[in-house]
Amino acid sequence: MLTIQNLHKAYHSQNVLDQVSLELPQGQVLAVLGRSGCGKTTLLKTAAGLLQPDAGSIKWAGESMDLVPPREREMVYLFQEPLLFPHLSVFENIAYGLRVRKVKEAEVQQKVEHLLQELELQEHAQKKPSQLSGGQRQRVAFGRAIIFLPRVLLLDEPFASLDAQTRATMQKLFLRLARKYNITALFVTHDVKEALLTGDRFAYMAAGKIKIYTSREAFIEDPATGVRDELAFWNSIDQKITPLP
Amino acid sequence: MGRKILTTILASAILLTFLFFGMLSVGQAWFYPGILPQRFSLQSWQELLVGQSELQEGLLLSLVLGVGVAILSTLSGFVISKEISRAKYKNRWLLLAYWPFVLSPVVLAILVQRFFLLTGMSGEVIGVLLGQLILAFPFAVIFFQSFWSHEVLQLEEQSQTLGAPAAYTLQNVLLPLAKPLLLICFFQTFLISWFEYGLTQFIGLGKVKTLTILVFKYVNEANIFHAALASLLIMLPPALLLWLNKKFIFRGI
């Protein structure tokens, strides 16, 4: 279980994370909804060890991660833009985490080929990232992150730059693989629909503070999340386009 | 047609310089109003290639200094430039890097000469190497600023969270990405050292005789044949650079 307690971080006396606490059981996805500048990225980067908090603690299975460097945390941060290594092929990008861990070549081949099939990228294995579409690049980034089964995936609006159709495909793919590989993930998004689709648990973040909901219903009912407003909007559109009898 | 003429003029301008200095380097006894030297001899070339001449030592010294300055400034510039790109007061550090270029090399030499005198490095090769680094190192720092973009720093972070130690990230991500820039910087800093005169003369006290120093010496002695040979040798590295990049240079004409 990932446990974050009273995390605090300020830039120039402005609180970016304000006493953030959460618990995330293994194999679950916590969808964190929040607008731009609410502190979501800082939360994920702090969890990954890329930023040092001013106060608070991060634990995995009861073990403190505070002094563990990013490379040993096994918590992969996925950037909003799919940051692939431009000089490596799709195959080598996905194999990166295995090569770092000095996994035997035969096992690397077998695991990468299997994942390429899962991601429907077999025919692109030898291509360079610049030859791929945005959705394909994001799939490679996702595959590279999960191939060595990290403790936690930290997803920072990973599908925000994709078009609506590709985004929907990626959300389904994420859900399928998250279930299959029992992935524990903090999924940050500003999209209400995406949060509802991907999360097992729900949280809302604003001005550095986080609110954890006990259920999906509680998340939907809270006016702060804007879920009800969004639903009302789509209902009104639906009524407008429904032909009168 | 116009492109062809321009290319021919540019290529001729480069080749004629080599031909002229090549002719002078094998000449002997050239007196007014003769169009060409009265005699031709390979003596200067033989001295350079076979015997232990001043020019041969100058060539070797220039090569050693050039390669040394290029390696040290490229590697240290790569590392320090990264630290500056992540520093809180990035612009202040960069301003410091521009400082040697605001002053002329000779003025800079006067400013730092006391340090070299006190440390006993005046007139020594090590002193000249350090002196040339005063110019080449900041150049490398400024040069690599364009490499350490937000994206490259994020790629480094990505590699870390995927479990890679710093050395692995350097070897497998940063160096392959920076390879073209590292090569350009190496060559540029080599040329800075290769052509450097002011600092070398001032710190070297005339005892460290690089090719550039020798060209000026021969010109002052009115020894045009040795000056031509030394000039020819000085022009070789940039000519090599032109040759390697010919498709990029001539494509834009």
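## Pairing strands in chain A

Two strands count as a pair here if DSSP finds at least two bridges between them. Keep that in mind as you look at this model, which is predicted. A good place to start is the hairpin made by β9(A) and β10(A), where two residues sit between the strands. One residue to look for in this hairpin is Ala207(A), which takes a positive phi near 50 degrees.

How do β9(A) and β10(A) run relative to each other, parallel or antiparallel? They run antiparallel, and five bridges join them, with β9(A) covering residues 201-206. To see one of the matches up close, find Met205(A): its bridge partner in β10(A) is Ile210(A).

## The whole sheet

Now zoom out. β9(A) and β10(A) belong to an open sheet of six strands in chain A, with the order β6-β7-β8-β3-β9-β10 and mixed pairing. Why is one side of β6(A) and of β10(A) left without a neighbour in the sheet? Both stand at the edges, β6(A) at residues 75-78 and β10(A) at 209-213, and each has a single partner strand, so one side of each stays without a neighbour there. From one strand to the next, the twist averages 20 degrees.

In general, the strands of a sheet pair through backbone hydrogen bonds, either parallel or antiparallel. For the parallel sense, check β3(A) and β9(A), which pair that way over five bridges. Here Leu30(A) has Arg201(A) of β9(A) as its bridge partner.

There's a helix to spot here too. Helix α6(A), residues 164-180, lies across β3(A) (29-34), β7(A) (152-156) and β8(A) (185-189). Relative to β8(A), this helix runs at about 165 degrees.

## Chain B and its helices

Time to switch chains. An unreviewed UniProt entry marks residues 59-245 of chain B as "domain: ABC transmembrane type-1". In the model, that span is 82% helix and 0% strand, and its end C-alpha atoms are 24 Å apart.

The unreviewed UniProt entry also lists "transmembrane region" stretches in chain B, including residues 93-113 and 224-244. Residues 93-113 of chain B are 90% helix, with end C-alpha atoms 24 Å apart. Residues 224-244 of chain B are 100% helix, and there the end C-alpha atoms are 30 Å apart. Neither stretch has any strand: the value is 0% for 93-113 and 0% for 224-244.

## Where the two chains meet

So what does the contact between the chains look like? It takes 23 residues from chain A and 18 residues from chain B. Together the chains bury about 1900 Å², and 66% of that is on carbon and sulfur atoms. On chain B, Gln158(B), Thr161(B) and Leu162(B) lose the most area to chain A, together 36% of what that side buries.

How many salt bridges are there between chain B and chain A? The count is one: Glu157(B) forms it with Lys45(A), and the closest N and O atoms are 3.5 Å apart. Eight residue pairs are in polar contact across this interface. On the chain B side, α7(B) (150-161) and α8(B) (166-195) each supply at least two of the residues touching chain A. Helix α7(B) gives the largest share, eight residues.

Definitions and conventions: Residues are numbered from 1 along each chain as its sequence is written. Chains are lettered from A and ligands numbered from 1 in the order in which they are written. This is a predicted model: local features need pLDDT of at least 70, side-chain atom pairs count only at pLDDT 80 or more; totals for chains, interfaces and linings use all residues. Side-chain values use heavy atoms; hydrogens and water are left out. UniProt positions are given in the numbering used here, feature names are shortened, and annotations may be inferred rather than shown by experiment. Helices (H or I, at least four residues) and strands (E, at least two) are DSSP runs, numbered from the N terminus. Axes are lines fitted to C-alpha atoms, for helices over the stretch in contact, and angles run from 0 to 180 degrees between N-to-C directions. Contact means heavy atoms within 4.5 Å. Buried area is the accessible area (1.4 Å probe) that two parts lose on being put together, summed over both. A salt bridge is a side-chain nitrogen of Lys or Arg within 4 Å of a carboxyl oxygen of Asp or Glu. A polar contact is a pair of N or O atoms within 3.5 Å; within protein, one must be able to donate a hydrogen and the other to accept it, and residues adjacent in sequence count only if both atoms are side-chain atoms.
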